[in-house]
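Student: Please take me slowly through one part of this model, explaining each term as it comes up. I am new to it and would like a connected account rather than a list.

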Amino acid sequence: MIPQKQLEMVRMGLRNLVGYPMRTVLTMLGVVFGVGSVIAMLALGAGAERELLKEIGRLGIQNIIINSIKPEEPDTSSQRSNWISSYGITFKDHRQIVDTIPGIEKALPVHVSKKTVWQGSKRVEGTLYAVTPEHLDMFQLNTSVGRNLTHLDDEKLSRVCVVRSGMLTELGIFQDPIGFPLNIDNETFYIVGVLLDDSFLGYARKALSVDAKSSEIYVPYSTALRRHGTRSITRRSGSTEATDVELNQVVISVTDLDQVLVTARMLGSLLERNHPEKDYELVVPLEVLSQRQKTQQVFNMALVAIASISLLVGGIGIANIMLATVTERTKEIGVRRALGARRRHIIAQFLTETTTISTIGGGIGVLVGIGLVQVLTFFTGWSAAITLSSVALSLSISMAVGIVSGIYPARRAAGLDPISALRHE
Amino acid sequence: MKAPIISLQGVHKYYGEHEPRLHVLKGIDLDVADGEYVSITGTSGSGKSTLLNLLGCLDNTSKGAYLLNGTDVSSYSDDELSKIRNEDIGFIFQSFNLIPQLTVFENVQVPLLYGTRSIASTTDLCHQVIESVGLSDRSEHRPSQLSGGECQRVAIARALINDPVLLLADEPTGNLDTDTGDEVLALIDDLHQQGRSVVMITHDPDVANRSQRRVDLRDGIIVEAGAA
């Protein structure tokens, strides 16, 4: 058949659909909502995946992070109240990692401690991150005002720090903060920069043990160790708790992406040997990413499967109405057969009509889905991304629904005996 | 005498595979010459409709040959019969059988959808045919907006669109009052004058008398055939 004739058939099919607008709308409704929910579900899934990538991508998929964690103490009650608990990664571990594990580009040590920060009479509990300058680069901790920490700061043991803007507000510093002195645990540090106001998201925050965004203070690694050492003392109601953790974190950057998992395994066995008490954790963003992606994919599939059920119901709706239409239009089918329509022409006519209905329904469904996503993201703050592929997918699915749901009614129509169809009133 | 356009040779039609079966046509021999205007009369139950279905290639004969334009179509397949109906036969029905949701123009176009010619190349033809039945100003109307006589003229235009060798009219005036019926019959007379072969089924002797020849069918056999 010439495509033009098919166009003409679509046009005549449309005429049929326009002739009974209420019925057409009701027939479409199932597909509209089916496609709408598929679009919305896929968009939410894609949004979640994008969030995940952003979150974990921030950690760097070529990195491996080792965190010190406080081991479970079997009988805390029998311990003395001012016991110094010493755990976690040591300088020795760090040295061994650098010396023995191949393919490591960087192994950046991080020391974290809770410190009280004073500015005049104002006091803030801060978390002091003693880091190397590369650390700030690696995690894209960029300053909005002033400069970042440098190698020179580290070499000269400069007492400088980079803070979050939230801390300035809490300390009541409203003038130019650059060069402002802060008293951090009885040592004076001068502010050289203020970080941009962005924070680590969800998982990345946990993996880097960065807790609250306003209390972070970054100081040169060597300066902090020289000034404060590795011990920290926390006073709680009545008891004093002292901890001695040499390194809270080591961030390792692997040269070759393919070697990340191998390197992680080597690191694991090295640490396992040195720390039988398991006072560390190994975070491999790449591994986490692939795990989370798998979970997300399963979740997406489930969402889409649920949404597809409404598409299926939509298809059944079309088939049902079309079957009724066949009975109603028996006479027309008879006339068309008398005028020379072959069985396949009748089949084509009905399939064209169901496909037109379902495709238009699918198109409206895409719009409904986009609207739904807008509403959902507006009210819930969820992240969503409508992808072109999800639009293409749901449009082709709705087309397929039209064809499949049209087959039975179309065959019924084509199977009618022309003579009795013609006599049908 | 010209070669017959229709030639029925010992045609039987029965329904059902086994005895007792319904024997409707019991040996029909009928020739219709090219350009001839024949009417078939008979009471209900005489086999008129069955004969019409056979002549219109809507059905196969049970026995005997049906030569249409010299070709035996009695054993044609469904698709082959559809092609013949599309190209060689123009139907005119008692109840017009227009498709209600389509305009006059589109109704006339319907047979073209199932033929080999492209739609674009036949637009002018459609307009010409509609004009020939005097409905140019109605081509965008729906059947429901037309009178009975106008509907039947649309049906005639539709029957003519593929320039068939045979016009097959089944009680074309059955649903019309006498005056509009006469108009429609006059139009059929004109078509006959222009050289078209017409077979008309009717129970009305006055209508049958307009044809050149009357064939009277009774109980499945031709009992009287002669000039009207």
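How many salt bridges does the structure hold over all chains, and which elements give two or more residues to the side of chain A that touches chain B?

Tutor: This is a predicted model, in which local features need pLDDT of at least 70 and side-chain atom pairs count only at pLDDT 80 or more, while totals for chains, interfaces and linings use all residues. Residues are numbered from 1 along each chain as its sequence is written, chains are lettered from A and ligands numbered from 1 in the order in which they are written, and side-chain values use heavy atoms, with hydrogens and water left out.

Over all chains, the structure holds 22 salt bridges, a salt bridge being a side-chain nitrogen of Lys or Arg within 4 Å of a carboxyl oxygen of Asp or Glu. One of them joins Glu171(B) to Lys48(B), with 3.8 Å between the closest N and O atoms. That pair links distant parts of the chain, 123 residues apart, since Glu171(B) is in the loop between strand S7 (166–170) and helix H6 (178–193) of chain B, and Lys48(B) is in helix H1 (residues 48–55) of chain B. Such helices (H or I, at least four residues) and strands (E, at least two) are DSSP runs, numbered from the N terminus.

Turning to the place where the chains meet, 28 residues of chain A are in contact with 35 residues of chain B, where contact means heavy atoms within 4.5 Å. About 2,900 Å² is buried between the two chains, and carbon and sulfur atoms give 56% of that area. In chain A, the residues that lose the most area to chain B are Lys5(A), Arg15(A) and Leu339(A), which together account for 23% of what that side buries. Buried area here is the accessible area (1.4 Å probe) that two parts lose on being put together, summed over both.

Two salt bridges are counted between chain A and chain B. In one salt bridge, the side chains of Arg337(A) and Asp78(B) meet at 2.9 Å, N to O. Eight residue pairs between these chains are in polar contact, both residues at pLDDT 80 or more; a polar contact is a pair of N or O atoms within 3.5 Å, where within protein one must be able to donate a hydrogen and the other to accept it, and residues adjacent in sequence count only if both atoms are side-chain atoms.

As for your second question, the elements giving two or more residues to the side of chain A that touches chain B are helix H1 (3–19), helix H11 (330–338), helix H12 (343–380) and helix H14 (418–423) of chain A. H1(A) provides the largest share of that side, eight residues. By class, the residues of that side are 10 nonpolar, five polar and 13 charged, where Ala, Val, Leu, Ile, Met, Phe, Trp, Tyr, Cys and Pro count as nonpolar, Asp, Glu, Lys and Arg as charged, and the others, Gly among them, as polar.
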